[in-house]
Amino acid sequence: MPSPSNQKRDEKNGEDSSSTARQRLSPQQQLEFQKEQMKMMDRFNTHVESYPINVSFPAAISPRTSSLSSSSTGGSNDDAKPHPPPLKALRTSPDFVNLRLLESGVLFNDTQSLGDVSTGLLKFIKNMESTGCYDGVEAVINLDTDTDTDTDDTTGGGGADEKQKTKTLNTRLDIHLAEKKWYKIFIGGNAKRSSLESNFPKLEFETSLSLLNLRGVTDKSTVRYAVDQTSAPTFGVTHDSPLYSLLGDAGGDALLAFFKESGSRVNCRLWGLVDTIDWEYFRSYKEFSRSVGVTLESVECGSAGGISPESRHEPYQSLTYKINHRDLLPRRHQTLPYACDASVDILSHAGPNLLHSLSYTHLTNGYYTNNKYNPTRGYDVAFRAEVAVPPGDVGFLKWDGRGSWHLP
């Protein structure tokens, strides 16, 4: 039996001889050789992606551990080797993770191709990381045993039907989650814009406290306080949670059955806000606002590490109901202390009033274009509408929208 050193020497000699043979080829022959290698790799990848596997239910959920170096600094002494840190218990619910896997296209206890499972896992990892509750998500497919599965294959020999046996790999899925801390504290500065029409953002000092994933369904609770450069304070409280987790067993099952591919991503946000909206440069008044509301979103967004609806790379819809107590203060005249520098319409609406409104937002976010930031083909739509309804002191209907159609 050859020794390992002889085997390594033989392999090295084989590699040297093959590289020498390639060097003897002409440039045209080398190009043809590279094309054949690429074709072989494509055929191999296609074969691997089409290989049938069966993922057993449920997936195993565990914390993700940091990789440790296999080499130690103390020779062969076991005491000198680094020991892995103790694993912390996960806050994330295993049922929530398996539900997200199903919605991403991973079918448990059913035959799928390896390529379809990989595509579903990539979608699952992207969705989980976008919640802002994880530093990283890993999915590992572990092979168990080979199982023979009969598939009908008609052959031409003698006109008889013969069954050809193919092998389906039984696999199990391991999900490793690197959860963020259950709390998040932020103290720093920010740029505040009162609205999309404001061209002059104000600097503000902000402090906030967020509680992440306490119920195990990527829920987030945030308390925020900020003061801008004009000493106008802002105080806000929000709580985000998947809607199905708030509806109980019967209501949650009905919601998941209705939204088969994204039921667990439908988000419910309960929020309250005390803010000062500065319209003095545009409409000659300030608005002191104290509001509470409920927002239903097609996908989770917003507070505690999430991303804004406009920054997503997928369609977004939301429905908001709010109760807003507003106090409109017209701008004072610069020289006359008892006069107001505002229009008659602004003065007629001065003072406190109560607003009940229902608003709807629909954004495609460049999903139907070939490139979100530099599109040359497809279309993009953004639409917002708000209607004020009784009971309340005001009534109106307003909407704005934009659309673009790109032709190559």
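In which sense, right-handed or left-handed, does helix 3 pass helix 4? Helix 3 passes helix 4 in a right-handed crossing; a crossing is right-handed if the near helix is turned clockwise from the far one by less than a right angle, and left-handed if anticlockwise.

This is a predicted model, in which local features need pLDDT of at least 70 and side-chain atom pairs count only at pLDDT 80 or more, while totals for chains, interfaces and linings use all residues. Residues are numbered from 1 along each chain as its sequence is written, and side-chain values use heavy atoms, with hydrogens and water left out.

**Helix packing**

Two packed helices are described by the angle between their axes and the distance between the axes. The axes of helix 3 (residues 94-103) and helix 4 (residues 114-129) come within 8 Å and cross at roughly 130°. That angle makes helix 3 oblique to helix 4; under 35 degrees counts as roughly parallel, over 145 as roughly antiparallel, 65 to 115 as roughly perpendicular and the rest as oblique. Axes are lines fitted to C-alpha atoms, for helices over the stretch in contact, with angles from 0 to 180 degrees between N-to-C directions. Helices (H or I, at least four residues) and strands (E, at least two) are DSSP runs, numbered from the N terminus.

On the helix 3 side, Phe96, Val97, Arg100, Leu101 and Glu103 meet Leu121, Lys123, Phe124, Asn127 and Met128 of helix 4, where contact means heavy atoms within 4.5 Å. By class, this contact has six nonpolar, one polar and three charged residues. Ala, Val, Leu, Ile, Met, Phe, Trp, Tyr, Cys and Pro count as nonpolar, Asp, Glu, Lys and Arg as charged, and the others, Gly among them, as polar.

**The open sheet**

An open sheet of 10 strands has the order 6-7-8-9-10-11-12-13-14-15, with antiparallel pairing. Strand 6 (183-192) and strand 15 (397-406) are the edge strands, each pairing on one side only. From one strand to the next, the twist averages 15°. Two strands pair if DSSP finds at least two bridges between them. Some of the pairings are listed below.

| Strands | Bridges | Residues opposite each other |
|---|---|---|
| 6 and 7 | 10 | Asn190 and Glu204 |
| 8 and 9 | eight | Val227 and Pro233 |
| 9 and 10 | eight | His239 and Leu270 |
| 12 and 13 | 13 | Gln317 and His362 |
| 13 and 14 | seven | Leu363 and Ala382 |

Strand 8 and strand 9 form a hairpin with four residues between them, and Ser231 in the turn has a positive phi of about 65°.

**Backbone features in loops**

Most residues other than glycine have a negative phi, and most peptide bonds are trans. Thr218, in the loop between strand 7 and strand 8 (220-228), has a positive phi near 60°. A cis peptide bond joins Phe57 and Pro58, with omega about -5°; Pro58 is placed in the loop between strand 1 (52-55) and strand 2 (60-63). Another cis peptide bond joins Pro390 and Pro391, with omega about 0°, and Pro391 is found in the loop between strand 14 and strand 15.

**A polar contact at Asn142**

Asn142 lies in strand 4 (residues 134-154). The side chains of Asn142 and Asp174 are joined by a polar contact of 2.3 Å. A polar contact is a pair of N or O atoms within 3.5 Å; within protein, one must be able to donate a hydrogen and the other to accept it, and residues adjacent in sequence count only if both atoms are side-chain atoms. Not counting residues up to four places away in sequence, Asn142 touches Asn170, Thr171, Arg172 and Asp174.
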